[in-house]
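Biologist: I would like to go through this structure with you before I return to the bench. Could you place it in front of us?

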Amino acid sequence: MTVEDIRSFNRFYTRLIGALDYGRRLYAPYTLTESRVLYELAHSPRTDVADLRTWLHLDAGYLTRILNKFETDGLIERGPSERDPRRRRIRLTARGRETADLLDERARQAVGALLAGVPPDDRPRLAQALRTVRDLLSGDRAPRPEDVVLRAPAPGDLGWIVQRNAALYAAEYGWNAEYEGLVARIVADFAQDHDPRRERVWIAELDGAPVGCVMCVRDEAPGTARLRLLLVEPGARGLGIGDRLVTAVVGFARGAGYHELVLWTNDVLTTARRIYQRHGFVLVAEKPHRSFGQDLVGQDWRLDLRVRAE
């Protein structure tokens, strides 16, 4: 392996995916760098200017010019950081999130077209090769919270939600196939009919693999959204993924115009309940029941979206 081997591969791959094409097909009207900044703002916790600059290795002046352009275009709002008032925090506007989603969809379509040319039998080999490159070049270090990305579900992810919920709850709480059936119905209802302006699924991804999920769907009560199927893989716990997923749901539900956010859980799920409490959810009712092969205590939690946490 030589330096030229890597440079040659870089030239091959950037040409293959059209990374240098700033025309209408992929990034227009933004450059690759601008699109990457939008992506980070939409999918990562790096919303402080200083953190964003460090993570992306961008010159301070260059990043400032990008953010000025975004603000002029109505894509972002800037204000003091919640962690440090001396810092500046950036938040995507509704228009900014729509733009980020559009650019992300274009990128997915481009890579999807590329992958379509790879025979199905060769795709596991390609996936393993990509993981090997990441592992070797990233070094032997533990994952960090900033390595986790929240994204929209890709083909196959909804099936992953059903499979992992069933497997994890069976292993950790002894729940039977009745729970898998419930999750399958929830996911199928979303896949068959949902309003993307009012309902959404998030997948937490780490090193190219899904490690968490959550859903926000319309409830039967007018003006009410429901949080469903919060899950974090055991190997990815401790990175704040559950908090980030719930934060995403709360922000989306409030932006979509819902008045309240509700959820149903069981008392044995202590870690999830602590997350809900940190986000301001209030326990409004609980009732013993026999479900999923276990004696449980079901709980209803509610968050008034018209009241912002201090």
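Biologist: How much area does the protein chain expose, and what share do carbon and sulfur atoms supply?

Modeller: The protein chain exposes about 17900 Å², and carbon and sulfur atoms supply 53% of it. Accessible areas come from the Shrake-Rupley method with a 1.4 Å probe, and for residues only the protein chains shown count as cover. Please note that this is a predicted model, in which local features need pLDDT of at least 70 and side-chain atom pairs count only at pLDDT 80 or more, while totals for chains, interfaces and linings use all residues. Residues are numbered from 1 along each chain as its sequence is written, and side-chain values use heavy atoms, with hydrogens and water left out.

Biologist: What does the secondary structure come to?

Modeller: The protein chain has 10 helices and 9 strands. These are DSSP runs numbered from the N terminus: helices are H or I with at least four residues, and strands are E with at least two. The radius of gyration is 21 Å, close to the 19 Å that the globule rule gives for 310 residues, so the chain is as compact as a globular protein of that length. That radius is taken over C-alpha atoms, and the rule is 2.2 Å times the number of residues to the power 0.38. Along its principal axes, the C-alpha trace spans about 65 × 50 × 35 Å.

Biologist: What percentage of the residues count as buried?

Modeller: Of the 310 residues, 38% count as buried. Buried means under 20% relative accessible area, exposed means over 50%, and partly exposed lies in between (1.4 Å probe, protein chains only).

Biologist: Let us turn to the strands. How many residues of strand 5 are buried?

Modeller: In strand 5 (residues 209-218), 7 of its 10 residues are buried, so to speak of it as mostly covered is fair by the definition of under 20%. Strand 5 pairs with strand 4 (residues 200-206) in the antiparallel sense over 7 bridges. Two strands pair if DSSP finds at least two bridges between them. Leu206 stands opposite Ala209 in strand 5. The hairpin of these two strands has 2 residues between them, and Asp207 takes a positive phi near 55° there.

Biologist: And on the side of strand 6, which sense and how many bridges?

Modeller: Strand 5 and strand 6 (residues 224-232) run antiparallel and are joined by 6 bridges. Val217 stands opposite Arg226 in strand 6, and Met215 stands opposite Arg228. This hairpin has 5 residues between the strands, with Gly223 at a positive phi near 75°.

Biologist: Is strand 6 largely enclosed or open, and which strand does it pair with in the parallel sense?

Modeller: Strand 6 has 8 of its 9 residues buried, so it is largely enclosed by the rest of the structure. It pairs in the parallel sense with strand 7 (residues 260-266) over 3 bridges, and Ala225 stands opposite Leu261 in strand 7.

Biologist: Which residue in strand 6 has a positive phi without being a glycine?

Modeller: Leu229, which lies in strand 6, has a phi near 60°. Leu229 counts as buried, at 11% relative accessibility.

Biologist: What about His57: buried or exposed?

Modeller: His57 is exposed, with a relative accessible area of 72%. This residue is found in the loop between helix 3 (49-56) and helix 4 (60-72), and has a positive phi of about 55° although it is not a glycine.

Biologist: Changing topic, where is Phe281, and what is it in contact with?

Modeller: Phe281 sits in the loop between helix 10 (270-278) and strand 8 (282-291). At 4% relative accessibility, Phe281 counts as buried. Leaving aside its neighbours within four places in sequence, Phe281 is in contact with Val246, Val250, Leu261, Leu263, Tyr276, Trp301, Arg302 and Leu303. Contact means heavy atoms within 4.5 Å. Phe281 and Arg302 are 21 residues apart in sequence and 5.2 Å apart in space, C-alpha to C-alpha.

Biologist: Lastly, which residues does Val37 touch?

Modeller: Not counting residues up to four places away in sequence, Val37 touches Leu52, Leu56, Leu58, Leu63, Ile66, Leu67 and Phe70. Val37 lies in helix 2 (residues 32-43) and counts as buried at 0% relative accessibility. Val37 and Leu261 are 30 Å apart in space, C-alpha to C-alpha, and 224 residues apart in sequence.
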